[in-house]
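Reader: Hi! I'm new to this one and would love a friendly walk-through. Could you show me what we're looking at?

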Amino acid sequence: MTALHLYLIGAAASVLLSAILVRLLRGSLVDLLEELWSSRARAAYWAAAGAVSMLLLGVWAGTGTSRYGSEGELAADRGFFALAGQLRGTLLGLFIALGCVSLAVLVFMAGADRAAREAARLRGGEPHGQLP
Amino acid sequence: MSAASQAYFAGSLLAVGVFILAAAFLARPFESVLGDLLGSPRRARFFQRALLALLAAATLAGSLLPTGWIDPEAASPAALAGNAARQLLGAGGSLLAGLGLVATLLLKHILEYERRRRATTRPPLH
């Protein structure tokens with residue numbers, strides 16, 4: 001198997017892993033953002049932006065560097081370990097992307113909660129006995 | 001594929017098994033503690049999935065050790081077992097580090113939550 005074949009297999013695995021992660025999280029992300037902003041359109045936009053970021057960062061991390069060297073044919077073992085390295089890169093990229101998206105959602109949530117508390121305070125009905 | 005590659009593949013599969021086992025134990029408690037803290041099942045569902053995905057990525061990436069950390073030309077059973085043990089150590093270490101981080105963050109949020117609860121609850125009038 002040539003280096004190009006292995007690289008393409010690794011790239012396909014990167015796309016597949018990223019797509020699985022996006023598929024797993026997109027629905028619950030849209031629901032959460034809709035709850036925060038009370039608007040399906042805004043939620044769909046930001047969820048799509050988050051999904052594309054995760055997909056691109058995962059694929060970029062998995063395909064950005066070639067670990068196969070410049071030789072055409074590779075020994076089976078060397079190719080296998082290089083493919084494992086490509087998958088490791090994809091997983092680390094997805095880890096970073098997911099961490100960033102989760103952090104951004106946490107910041108949005110804190111902002112929305114603060115705005116709701118402020119609105120309740122201005123209305124004069126401070127929610128004593130309830131959590132902010 | 002050589003014996004070293006096959007053992008490496010088996011080590012990665014074992015790491016996936018370890019993660020599935022951990023996720024089976026953790027999924028429900030994560031959802032309930034997050035629902036309690038964040039006050040909404042939608043928020044809890046998203047963060048439960050995100051945390052499990054983060055732990056899965058960390059565990060699997062931890063098991064895919066670079067060739068400098070294992071012997072890529074191992075052939076004897078002892079050397080192969082050593083490679084697999086290192087892979088499991090990498091996976092388990094990543095999983096434990098991730099769990100430790102999550103536990104620390106949750107504890108911080110729980111303490112903050114309790115502090116706010118005490119601050120917003122009026123003392124009874126006498």
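Author: Happy to. One term to begin with: helices here are DSSP runs of H or I with at least four residues, and strands are runs of E with at least two, numbered from the N terminus. Also keep in mind that this is a predicted model.

Reader: Got it. So how many helices and strands does chain A have?

Author: Chain A has three helices and zero strands. Read along the sequence, the pattern is α-α-α.

Reader: And what share of chain A is buried?

Author: Buried residues are 32% of the 132 residues in chain A. As for its contacts with a separation of 6 or more, 77% of them join residues 24 or more positions apart.

Reader: Let's pick one helix. What is α2(A) like?

Author: α2(A) has 24 residues and spans 34 Å from its first C-alpha to its last, close to the 34 Å expected at 1.5 Å a residue. Its buried residues include Trp46(A), Met54(A) and Leu57(A), along with glycines such as Gly50(A) and Gly58(A).

Reader: Over to chain B, then. How far does α3 of chain B reach?

Author: Helix α3 of chain B, residues 77-120, reaches 63 Å from first C-alpha to last with its 44 residues, close to the expected 64 Å. Among its buried residues are Leu80(B), Asn83(B), Gln87(B) and Leu95(B).

Reader: What covers those buried residues of α3(B)?

Author: The cover includes α1 (3-38) and α2 (41-63) of chain B.

Reader: Now the two chains together. How many residues does each one bring to the contact?

Author: Chain A brings 29 residues and chain B brings 29 residues. On the side of chain A that touches chain B, the elements giving two or more residues are α1 (3-37) and α3 (76-122) of chain A. α3(A) gives the most there, with 16 residues.

Reader: What kinds of residues are on that side of chain A?

Author: They divide into 18 nonpolar, seven polar and four charged.

Reader: Which residues touch the most other members of the largest nonpolar core?

Author: That core has 55 residues, and the ones touching the most other members are Leu21(A), Met54(A), Leu94(A), Leu98(A) and Ala57(B). α1, α2 and α3 of chain A and α1, α2 and α3 of chain B each supply at least two of its residues. α2(B) gives the most, with 12 residues.

Reader: Zooming in, what is Leu98(A) in contact with?

Author: Leaving aside neighbours within four places in sequence, Leu98(A) is in contact with Leu21(A) and Met54(A), and also with Ala50(B), Ala53(B) and Leu54(B).

Reader: Changing topic: what's unusual about phi at Ser38(A)?

Author: Ser38(A) has a positive phi of about 55° although it is not a glycine. Most residues other than glycine have a negative phi. Ser38(A) sits in the loop between α1 and α2 (40-63) of chain A.

Reader: Is Ser38(A) buried or exposed, and why?

Author: Ser38(A) counts as exposed because it has 9 C-beta neighbours inside 10 Å, and the cut-off for exposed is 12 or fewer.

Reader: Last thing: what are the confidence values for each chain?

Author: Chain A averages a pLDDT of 85, with 89% of residues scoring at least 70. Over residues 128-132 of chain A, though, pLDDT is below 50. Where pLDDT is low, the predicted coordinates should not be read in detail. Chain B has a mean of 88, and 95% of its residues reach 70 or more.

Reader: And for the complex, what ipTM does the predictor give?

Author: The predictor gives an ipTM of 0.84, alongside a pTM of 0.85.

How values were computed. Residues are numbered from 1 along each chain as its sequence is written. Chains are lettered from A and ligands numbered from 1 in the order in which they are written. This is a predicted model: local features need pLDDT of at least 70, side-chain atom pairs count only at pLDDT 80 or more; totals for chains, interfaces and linings use all residues. Two residues are in contact if their C-beta atoms, placed from the backbone, lie within 7 Å. Ala, Val, Leu, Ile, Met, Phe, Trp, Tyr, Cys and Pro count as nonpolar, Asp, Glu, Lys and Arg as charged, and the others, Gly among them, as polar. The expected span of a helix is 1.5 Å times one less than its number of residues. A residue is buried if 20 or more other C-beta atoms lie within 10 Å of its own, exposed if 12 or fewer, and partly exposed in between; C-beta atoms are placed from the backbone. pLDDT is the predictor's confidence in each residue, from 0 to 100. A nonpolar core is a set of buried Ala, Val, Leu, Ile, Met, Phe, Trp, Tyr and Cys residues joined through C-beta atoms within 7 Å.
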